[in-house]
Amino acid sequence: MKNILFVCEANLFRSYASERITNNISKYLIADSAGTNAMTELKASDYFLTALQELGYETPEHTAKPISPKLLEQQDLILCMEKPQISKILKVLPGIENKIHTLPSYVGFPDKQIIDIAYFFLSKGFSIFTGGFITDKNGENIPNPNEQQTINVYKDFIKEIETYVELVVEKII
């Protein structure tokens, strides 16, 4: 069994999705997730959890978890969503460079990063601001955005992460 930690900023979307996907598709890996700036009182959005469930992933109660020296020490492999998270981790626990990578670089895509969900929404023609308001590219509020449309954008986001996670599992097993 190998312990893998997925890390993003808030531990609400990218790293949590990576954890759920890994634990669903592999019996030989134990995945966990954390954030470099996670605030423990925050929870993932209901739309995001619905998207995970509709794609067949279990979503047990999850609140954001910050990285800690103890958590980092327990891992065989640490996979970050973006390069800046690597430096933040090394400030918390220096000397573990050999087990930290970005998720895409670990599977052969050194120039890729998994962007924050807000930027993913922007790439789909929306943006999310504090409080969860959805606007179009011109900054105009979208009145009562279609719930399924929002869930579908989250599903696209999760599917992108799935691609990398599946490659990680294949590489390790």
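Which residues do ring pairs link into a cluster? In this predicted model, the cluster consists of F13, F48 and Y154, joined through their ring pairs. A search of the whole structure finds four aromatic pairs, and two of them can be followed from F13.

The pair between F13 and F48 is edge-to-face, with the ring centres 4.9 Å apart and an angle of 85° between the planes. This contact links distant parts of the chain: F13 belongs to the loop between β1 (2-8) and α1 (14-25), whereas F48 lies in helix α2 (residues 46-54), 35 residues apart. Both F13 and F48 are buried.

F13 also pairs with Y154, in another geometry. Here the planes meet at 15° and the ring centres are 5.8 Å apart, so the pair is stacked; planes under 30 degrees apart count as such. Again distant parts of the chain are linked, with F13 in the loop between β1 and α1 and Y154 in helix α7 (residues 147-172), 141 residues apart.

The burial of these two partners can be stated in figures. F13 has a relative accessible area of 17% and is therefore buried, because buried means under 20%. Y154, with a relative accessible area of 5%, is likewise buried. F13 thus takes part in an edge-to-face pair with F48 and in a stacked pair with Y154.

A further contact of an aromatic ring involves a charge. The charged end of K171 sits over the ring of Y106, at 3.9 Å from the centre of that ring.

Notes:
Residues numbered from 1 in each chain as written. Predicted model: local features only at pLDDT ≥ 70, side-chain atom pairs only at ≥ 80, totals over all residues. Heavy atoms only, no water. Phe/Tyr/Trp six-rings, centres within 6.5 Å; stacked < 30°, edge-to-face > 60°. Helix = DSSP H or I, 4+ residues; strand = E, 2+ residues; numbered from the N terminus. Buried < 20%, exposed > 50% of the residue type's maximum accessible area, 1.4 Å probe, protein only. Lys NZ or Arg CZ within 6 Å of the ring centre and 35° of its normal.
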